[in-house]
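User: Please take a close look at one part of this structure, the interface between its chains, and then set a helix beside it for context.

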Protein chains: 2
Amino acid sequence: MFTRSALRRTLMTTQHLHPPPISSPLRQISTMTSKSPVVDIHTHVYLPRYMDLLRSRSEVPRVLTLPSGDERLVILADEAKHASDTSQGRPIGSEYYDIAKKMEFMDQHGIDISVISLANPWLDFLGLGQAAPMARMLNTDIEKICAESDGRLFAFGVLPLVEDSLAASTCVKEIETITSTFPHIRGIILGSRGLGHGLDDPALDPVYSALEASGLMIFLHPHYGTGNESFGPRSNGHVLPLALGFPFETTTSIVRLILSGVLDRFPNLRILLAHSGGTLPFLAGRLDSCVAHDPQVASRLKLKPSEYLMKMCYDAVVYHEVGLKATTELVGEGRVMFGTDHPFFPPLKGKDGEEWMSVTTNSAAVKAVLGEEGGEGVMGGNAVRILGLDR
Amino acid sequence: MFTRSALRRTLMTTQHLHPPPISSPLRQISTMTSKSPVVDIHTHVYLPRYMDLLRSRSEVPRVLTLPSGDERLVILADEAKHASDTSQGRPIGSEYYDIAKKMEFMDQHGIDISVISLANPWLDFLGLGQAAPMARMLNTDIEKICAESDGRLFAFGVLPLVEDSLAASTCVKEIETITSTFPHIRGIILGSRGLGHGLDDPALDPVYSALEASGLMIFLHPHYGTGNESFGPRSNGHVLPLALGFPFETTTSIVRLILSGVLDRFPNLRILLAHSGGTLPFLAGRLDSCVAHDPQVASRLKLKPSEYLMKMCYDAVVYHEVGLKATTELVGEGRVMFGTDHPFFPPLKGKDGEEWMSVTTNSAAVKAVLGEEGGEGVMGGNAVRILGLDR
């Protein structure tokens, strides 16, 4: 991957490239000729304040402290179901909350800039009374971390998206505060539940309206999984929920959003899909065909489903050139952005300084599909342009 | 597409190309130079005997007769849930059971050979006492239809796969009968439930063993959907269960099969995946990565998940060049075979002689990805070779 020294050079050479106005189409392919910085747009942190919240809880999601002092993160209901306390969830260390560790990881892998986001399940499990001030505090925390990073960190913020009749208007206020007060926050991370009823819930319209007006990017990320009831009784560790349930959830939530007409009502919403859109680039044609054969659904929409998909952005966290190529072929390489999913999927042996296979698999796929120079947009140039990281 | 006259010419020129022995790898790419016949390997029929069974039932799956005399097919539980009798399920006409209609459809679209299969839900809803003789009668019926087709029809047979301690041995006997008595049956169609507990059920081992020994192709096809609980309360017709639930089900059932070691115990099983593998070509990398990060699961398997996926065959029923290209890039174009999913997804206007968009979308994708000549393998040459249709 690229070396850190590329950062300053590139930020200088890209200063003149103003990001497009929010409402303009993003279809143009990055044509940067000099080295772009390497940008990681899918990289998580459990902020210290959020860790304290999880440590204080006795129910999932929670952080357990073992007698040894080691901590374990339990975020999925079925992680707690069948296991003894000492094997619940997954081991968690300071790489989950210490920004110095994030920087070490970035230096180790030649990542110049990270756009950090709170990891799932965000504030989904709180009532509005707790979620609203917590969102504000977490956004304040993450802005401060980014502001002190010497230009190396930007962020997706968090909204108090919970099931409450006042949640939408509270989210709208938070969006306004982010826009006016937190310049390093370039978008918000969004789960698939919305206000408790999915992303096709009309109650979300004020939130979509405010997001559209703000120009903030929505980073759509799964948590709950979809299809878990079909995974069967045999133990396959976390493989089925992570490898299948996560991408199914992303896929389903975005298809529901499209079919409900959200993108006709808010055509300038900016959306970035985790894990290269789950399975959406592969299913785009089947989705178009099924809608075309259902006149009632088709007549509700201005475009074919794949045409909405082509307006979205995708990370490159798909671990294989076949999936990456499908993504770049559907939407063009100018809308695809490198990510790592750090600190998840660490090396098994955990040796200091060991490269993370989960990272190198994704950067190798970019090189295989687009070549070293052709991949610079995906590796960082696109993120700089789309999220305005040179501002 | 190709004209019927291509059939005889091609069958003559391909007579010398013996299909590979069953246990040999299928990796070689088709190198046919003259025109291959066009073969449809994903095309269904509700055999007349099966129609009578559905007409006799008062529960799903069933065929309803309306006062007008029109019939409706109700095969999914939720099709019956919220609807009045007259709008349950979908309209069904003679194209679902009349072989003359299948032939008309084939002629209209330049399809030389069809490999027909009973449509879902097959015999899943019967007890073994009814399923076993019904499987035998349906296989006898379909063999007779193919034998009288002047070489234009072959078939995937059906097995009495139901939840019963004697079902596996009954299936083994049926496999032996198919192999010895029904030469036009080149495989069997398999749902995701197996004997009621999924395709990773050890009770299926005798069935897999017999299928491996027989050389019959398994045509894996969805019916129930996966993730239906996440589709939300808003009405989107059949779009979500068909566009998403079907491919999720195929994906999940095959991943469970792989993770349970079935393909290590039966490495020469021949498997053809409906709808280009659901979502598997796109998720192959994520699946490899999740398994690699779970040593307990990884240590059970001889190969990476994607390596098992590369041994399977895929239909080309994915309605878009992006999905088709992902499929051919994962497994090579020599393992991908054209299909139509007839009689599902008929033209909306239903004019006589109208081309089916569901068919032309898939043939156009083959041409877009592989070119007119390069696509001959996918359009038919591969099926001739893999299923031995020149025998």
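Analyst: What follows describes the interface of chain A and chain B, then a residue in one of its helices, and lastly helix α4 of chain A.

The model is a predicted one, and local features are described only where pLDDT is at least 70. In this model, 64 residues of chain A are in contact with 64 residues of chain B. Together the two chains bury an area of about 5500 Å² between them, and carbon and sulfur atoms give 67% of that area. Within the area that chain A buries against chain B, A:Phe282, A:Arg286 and A:His293 supply 16%, which is more than any other three residues.

Polar interactions also cross this interface: 20 residue pairs are found in polar contact, with both residues at pLDDT 80 or more, and the rule finds six salt bridges. A salt bridge joins B:Arg234 to A:Asp201, with their closest N and O atoms 3.9 Å apart; the cut-off for such a pair is 4 Å.

On the side of chain A that touches chain B, the elements giving two or more residues are α8 (239-259), α10 (280-292), α11 (295-298), α13 (321-331) and α14. Of these, α8(A) gives the most, with 13 residues. Sorted by class, that side of chain A has 31 nonpolar, 23 polar and ten charged residues.

Helix α10 of chain A, listed above among the contributing elements, also holds A:Ser289. Because its relative accessibility is 7%, A:Ser289 counts as buried, the cut-off being under 20%. Between A:Ser289 and A:Lys304 there are 9.2 Å in space, C-alpha to C-alpha, and the two are 15 residues apart in sequence.

Helix α4 of chain A spans residues 99-108, and its buried residues are A:Ile99, A:Lys102, A:Met103, A:Phe105 and A:Met106. These residues lie on the same side of α4(A), because they cover an arc of only 160 degrees around the axis. In an α-helix there are 3.6 residues a turn, so residues three or four places apart point the same way. The cover over the buried residues of α4(A) includes β1 (39-45), β5 (113-118), α5 (128-147), β6 (153-157) and α14 (357-370) of chain A; α14 of chain A is also one of the elements on the side that touches chain B.

As for the ends of α4(A), A:Asp98 caps the N-terminal one, where a side-chain oxygen lies 2.8 Å from the backbone nitrogen of A:Ala100. The helix is followed by A:Gly110, which has a positive phi near 70 degrees.

How values were computed: Residues numbered from 1 in each chain as written. Chains lettered and ligands numbered in written order. Heavy atoms only, no water. Buried < 20%, exposed > 50% of the residue type's maximum accessible area, 1.4 Å probe, protein only. Helix = DSSP H or I, 4+ residues; strand = E, 2+ residues; numbered from the N terminus. Arc of directions from axis to C-beta. Contact = heavy atoms within 4.5 Å. Polar contact = N/O pair within 3.5 Å; in protein donor to acceptor, adjacent residues only side chain to side chain. Buried area = accessible area lost by both parts, 1.4 Å probe. Salt bridge = Lys/Arg side-chain N within 4 Å of Asp/Glu carboxyl O. Nonpolar A, V, L, I, M, F, W, Y, C, P; charged D, E, K, R; others polar.
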